[in-house]
Structures are given as C-alpha cells and as structure tokens.
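Open your viewer, keep the selection box handy, and let's take a walk through this fold together. At each stop you will get something to select and a note on what is there.

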Amino acid sequence: MEFIVEGAPVSLQTKRAASKRDWQDRVRAASRFALPSDYFASDDRIAVTLYYFPDSAMDGDIDNIVKPILDALSQQVYLDDGQVERVVVQKFEPDGIFRFAAPSSTLEKALTQTKPLLYVKLSDDPFEELA
C-alpha cells in the first residue's frame, strides 16, 4: 500500500498538540484513499517506508517525524504500532533528489508533485527489500 500526504510532517517534539492532531488526521485521511473499502486493520507484521520531500532544507531531525505517523496509522492500517518491524525513513531535500531505478506510480507522482510532501509505503513483508 502506498500513498502521499501533502504538507510537512509534524515532529514528535512539537509543543502544539493541535498541530500534531491535525497532521495525524491528514495522514489517516490520505491512507483511507489507498485502503479497500472493506479493509480491516491488519494484525500482520508491518514494514514502513517514509520518504519526506521538503520544499527547502529540513528543520529538525528526520527521526522525530516517525512516531506521529506510525501512531496515526494504528487502528486504521494495523492494530498496533508494535507490529511494525522495520522502518525506513529518508529525507530528499531539493538539492538531494536522485533518480529512482524503478519508481512505482505513486512514488513517481511524489517526485513530480509540489513539495513539501510525505510518501508512505506499507508492506506485510518486513524482509522484502532485504533479500
């Protein structure tokens, strides 16, 4: 499952609870479009890939955006974020974007769409990219 969330992720360390709630609502809403209508939250092991494409040099640390995203998907995509066995997170600042060998149509859209945005990929195979 892949989807794009428009806007800049909110840090786990933000002092504005409303900003974090708004961001998590945006993540949930974006994920709903990628889920089948009859989907129930998975109890499988999960792998998550997060690519953040800021519109300028990123303020803050990349690791601080992960937890609010994982929490937003809990109870909707998976039952509990404890099921997440692997997280790949990377930022691609405007001067650091490179050619992906074979991007999916969703990643291709993320590469060409107006920034900032977050590309999210979830899989039930935590080892898929390790083989």
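Before we set off, keep in mind that this is a predicted model.

**Stop 1: strand S2**

Start by selecting strand S2, residues 46-53, and colour its partners as we go. Strand S4, residues 117-123, pairs with S2 in the antiparallel sense over seven bridges. Zoom in on Val 48 here, and you will find Leu 122 of S4 standing opposite. Now add strand S3, residues 84-91, which pairs with S2 in the parallel sense, again over seven bridges. Within S3, Arg 86 is the bridge partner of Ala 47.

How many of the eight residues of S2 are buried? Eight of the eight are, so the strand is largely enclosed by the rest of the structure. Side chains in a regular strand alternate between the two faces of the sheet. Try showing the two sets in two colours: Ile 46, Val 48, Leu 50 and Tyr 52 sit on one side, with Ala 47, Thr 49, Tyr 51 and Phe 53 on the other. Both faces are covered, and every residue in these two sets is buried.

**Stop 2: helix H2 and the crossover**

Keep S2 and S3 on screen and add helix H2, residues 66-73. Together, S2, H2 and S3 make a right-handed β-α-β unit.

Is H2 mostly covered or mostly open? Mostly covered: six of its eight residues are buried. To see them, select Val 66, Pro 68, Ile 69, Leu 70, Ala 72 and Leu 73. The elements that these buried residues pack against are S1, H1, S2, S3 and S4.

**Stop 3: the loop after H2**

Step past the end of H2 to Gln 75, in the loop that leads to S3. Check its backbone torsions: phi is near 75°, a positive value in a residue that is not glycine. Gln 75 counts as exposed, because its relative accessibility is 60% and the cut-off for exposed is over 50%.

Now move to Gln 76, which lies in the loop between H2 and S3 as well. Is Gln 76 buried or exposed? With a relative accessible area of 14%, Gln 76 is buried. Show what surrounds Gln 76: leaving aside neighbours within four places in sequence, the contacts are Arg 28, Ser 31, Arg 32, Leu 35, Tyr 39 and Ala 41. If you draw a distance from the C-alpha of Gln 76 to that of Ser 31, you should read 8.5 Å, although these two are 45 residues apart along the chain.

**Stop 4: helix H1**

Select helix H1, residues 17-34. At 1.5 Å a residue, these 18 residues should span 26 Å, and the end C-alpha atoms are indeed 26 Å apart, so the two values agree. Next, highlight the buried residues of H1: Trp 23, Gln 24, Val 27, Ala 30 and Ser 31. Turn the view to look down the axis of H1; the buried residues fall within an arc of 125°, so they line one face of the helix. What covers them includes strand S1 (2-6), H2 and S4.

While H1 is selected, pick Asp 22. Its relative accessibility of 49% makes Asp 22 partly exposed. The C-alpha of Asp 22 is separated by 9.1 Å from that of Val 10, twelve residues away along the chain.

**Stop 5: the nonpolar cores**

In soluble globular proteins, nonpolar side chains tend to be buried together. Which residues touch the most other members of the largest nonpolar core here? They are Leu 73 and Leu 122, in a core of 24 residues. S1, H1, S2, H2 and S4 each supply at least two residues of this core, and H2 gives the most, with five. Apart from this core lies another, of nine residues, including Phe 53, Phe 92, Phe 100 and Tyr 119.

Centre the view on Leu 73. Not counting residues up to four places away in sequence, Leu 73 touches Phe 3, Val 27, Ser 31, Tyr 78, Val 120 and Leu 122.

**Stop 6: the loop before S4**

Finish in the loop between helix H3 (105-112) and S4, where you will find Pro 116. The peptide bond from Lys 115 to Pro 116 is cis, with omega near 5°. Gln 113 lies in this loop between H3 and S4 too. A relative accessible area of 17% makes Gln 113 buried. Beyond its neighbours within four places in sequence, Gln 113 is in contact with Ile 4 and Glu 6.

Technical notes
Residues are numbered from 1 along each chain as its sequence is written. This is a predicted model: local features need pLDDT of at least 70, side-chain atom pairs count only at pLDDT 80 or more; totals for chains, interfaces and linings use all residues. Side-chain values use heavy atoms; hydrogens and water are left out. Buried means under 20% relative accessible area, exposed over 50%, partly exposed in between (1.4 Å probe, protein chains only). Helices (H or I, at least four residues) and strands (E, at least two) are DSSP runs, numbered from the N terminus. Two strands pair if DSSP finds at least two bridges between them. A crossover is right-handed if, with the strands pointing away from the viewer, the path from the first strand over the helix to the second runs clockwise. The expected span of a helix is 1.5 Å times one less than its number of residues. The arc is that of the directions from the helix axis to the C-beta atoms. Contact means heavy atoms within 4.5 Å. A nonpolar core is a set of buried Ala, Val, Leu, Ile, Met, Phe, Trp, Tyr and Cys residues joined through side-chain atoms within 4.5 Å.
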